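In these notebook entries I record what I looked up in one structure, topic by topic.

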Amino acid sequence: MSNVTVCVRFRPLSSKERKINGENVCIHRLDSDSFVFKDEKDEDNTFGFDRVFYQDSEQFEVYEFLAMPIIEDVIKGMNGTILTYGQTGAGKTYSMEGPSILECDENKKGLLQRVVEDIFQFLKSPENRSKYTVNLSMVEIYMEKVRDLLDLSKDNLQIKESNTQGIYISGATQIPIMNTSEALRRLSRGIANRAVGETQMNLASSRSHCLYIFSIHESDERVRSGKIILVDLAGSEKVEKTGAEGRVLEEAKTINKSLSALGNVINALTSGKTNHVPYRDSKLTRILQDALGGNSRTALLCCCSPSPVNASESFSTLRFGTRSKLIKTNPRPFPSPSPSPPDEYSSSTKQSEESGVTVQSRIDNRAQDASRERILNQLRENLKEEDVDLLEKLFMMEGIFSVPQTEEECHVAMNEIAAKTITSLHQAVENLKERVDRLEEEKKLLEEKNKKLRFELVVAHRLNMDLNNIDENPSLFGKFVSAIRFLLPF
């Protein structure tokens, strides 16, 4: 077991922040892994992380500490994940991509360029005698839909799970890449398809979570594969600061909701108070399930503004990073499935490589169809046909079909679906109970108000009657009013 590596990076002050607060900052450097942060209440808070990159840090420093150790493990057949997290405009995309993927000064290259360069530098080194293939996939999670950035016709990809691949995105385009320059060209085209929008805090604000997936397969004396996912998360937003409205506002709501789901998963993993981790509450947490609690070596870069203007958002990011440090993962080599006989698959392998689709993806698709039918047949034994059809549609929409390989796994999948359904029903019942309680309280308040109004109406009516009938048939109250009238000079 190993803990998630968590680092913090403070970007330089922006021109807007300098206009508001000059050169004032809300951090005091202690050393390379700790600092004092002054929050919006002007209170000092000391934080410690695996490494802190201050405003004068260089891109290569971030890469060498955060990413290089993970690349070495991925080459050995392990899985790795690197995430950038923080408010919008905090420097996440700059850390990931630099100012530009293709045309960029050497010192300003981001994590992406350096990861690609190091992968091919290792694979082409004289010491390495194995044969490797490298595939690239790029997707974004936009408005809770997984979209393929390398093929825009695939705008609602499903998230699957199998014994051999763990969590993966079914149908995502995989492009074989042969060298660094080709990889960067492909990345540049994919990034151009990403959803961005203008806000008051960022002229090109990312409106989606973007995932860059590099799969490395070794096929020499032994067969094994590793995968690294670089995740550029969309930034958390406060509407009063970004000025978002219309479509941009709806995007902001979805972004904040998925980041909230990510926070809930991390709380569940680190609190020790629950056995249920809500990975399925969002597409983001489902895809990151291995990275957050499974077979992956994971690193998190928390990007922050050093300005007191953004102290509240930066403080929230730092607390998120502190909780994330408690997560434990279990990275281990993940062998690829055994290769099939050459005579059966040799021709299809050649065709697949030419089209950028591996034989394994075709095998997985057939396995998915067969396993899906097994699950549905099991459900038909206990449910009506129309209920099973409805469940199948729901499962496809939510992407919760797995790829079980055995009858036992089929039962596990069914139990998982049943547990998720029961949990949802329990939650719905709890929500209804809370609503009923609120309505009961409102009913009591209305009854008390109504009772008071009836009393006031009766008093007003009596008063009106007495004033009109004082001379004819005065009541005690009427006599009292008459006496007052007699004594007063008006």
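Before using strand labels such as β8 and β9, I note that strands are DSSP runs of E with at least two residues, numbered from the N terminus. The model I examined is predicted.

**Entry 1: The chain as a whole**

I began with the secondary structure of the chain, which comes to 15 helices and 18 strands. I then looked up burial and found that 44% of the 490 residues are buried. For contacts with a separation of 6 or more, I noted that 67% join residues 24 or more positions apart.

**Entry 2: Two loop residues with positive phi**

I recalled first that most residues other than glycine have a negative phi. I then looked for departures from this pattern.

Where does Glu-144 lie? I located Glu-144 in the loop between β8 (132-142) and β9 (145-148). Its phi is near 65°, a positive value in a residue other than glycine. Its relative accessible area is 28%, so I recorded Glu-144 as partly exposed.

I also looked up Asp-42, which is found in the loop between β4 and β5. Asp-42 is not a glycine, yet it has a positive phi of about 65°. Is Asp-42 buried or exposed? I recorded Asp-42 as exposed, because its relative accessibility is 55% and the cut-off for exposed is over 50%.

**Entry 3: Val-139 in strand β8**

I returned to strand β8, where Val-139 is found. Val-139 has a relative accessible area of 0%, so I entered it as buried. Leaving aside neighbours within four places in sequence, I listed the contacts of Val-139, among them Val-146, Leu-157, Ile-169, Ala-172 and Cys-210. Arg-147, Asp-148 and His-209 are also in contact with Val-139. I looked up one distance as well: the C-alpha atoms of Val-139 and Ser-208 are separated by 9.8 Å, although the two residues are 69 residues apart along the chain.

**Entry 4: Aromatic pairs**

How many aromatic pairs does a search of the whole structure find? I recorded seven aromatic pairs. One of them is formed by Phe-35 and Phe-49, which are stacked, with 6.3 Å centre to centre and 15° between the planes. Phe-35 lies in strand β4 (residues 34-38) and Phe-49 in the loop between β5 (44-48) and β6 (51-53), so this pair ties together parts 14 residues apart in sequence. I noted that both Phe-35 and Phe-49 are buried.

Phe-49 also pairs with Phe-47; their ring centres are 6.2 Å apart and their planes are at 15°, so I entered this pair as stacked too. Both Phe-47 and Phe-49 are buried. I then found that Phe-10, Phe-35, Phe-37, Phe-47, Phe-49 and Phe-315 form one aromatic cluster.

**Entry 5: Nonpolar cores**

I kept in mind that in soluble globular proteins, nonpolar side chains tend to be buried together. The largest nonpolar core in this model has 49 residues, and Phe-35, Phe-37 and Leu-262 have the most contacts inside it. Helix α7 gives the most to this core, with six residues. A second, separate core has 40 residues, including Leu-136, Ile-191, Ala-299 and Leu-301.

I looked up Phe-35 once more for its contacts, not counting residues up to four places away in sequence. Among the residues that Phe-35 touches are Phe-10, Ile-27, Leu-30, Val-52, Tyr-54 and Leu-318. His-28, Arg-29 and Asn-45 also touch Phe-35.

**Entry 6: Cavities**

I counted three cavities of 30 Å³ or more. The largest cavity has a volume of about 80 Å³. Which residues line the largest cavity? I listed Val-4, Leu-83, Leu-262, Ile-266, Leu-292, Thr-298, Leu-300, Phe-320, Ser-324 and Ile-327. This lining divides into eight nonpolar residues, two polar and no charged. At least two lining residues come from each of α7 (247-271), β17 (297-304) and α10 (311-324). I noted that Leu-262 appears both in this lining and among the residues with the most contacts inside the largest core.

**Entry 7: Gln-289**

My last entry concerns Gln-289, which lies in helix α9 (residues 289-293). Is Gln-289 buried or exposed? I recorded Gln-289 as buried, because its relative accessible area is 18% and buried means under 20%. Not counting residues up to four places away in sequence, Gln-289 touches Ile-167, Tyr-279 and Gly-294.

How values were computed:
Residues numbered from 1 in each chain as written. Predicted model: local features only at pLDDT ≥ 70, side-chain atom pairs only at ≥ 80, totals over all residues. Heavy atoms only, no water. 1 Å grid on protein atoms, 1.4 Å probe; cavity = no way out; pocket = protein on both sides within 12 Å on 5 of 7 lines; lining within 4 Å. Points joined across faces, edges and corners; volume = space filled by probe spheres on them. Helix = DSSP H or I, 4+ residues; strand = E, 2+ residues; numbered from the N terminus. Nonpolar A, V, L, I, M, F, W, Y, C, P; charged D, E, K, R; others polar. Phe/Tyr/Trp six-rings, centres within 6.5 Å; stacked < 30°, edge-to-face > 60°. Buried < 20%, exposed > 50% of the residue type's maximum accessible area, 1.4 Å probe, protein only. Core = buried A, V, L, I, M, F, W, Y, C linked by side-chain atoms within 4.5 Å. Contact = heavy atoms within 4.5 Å.
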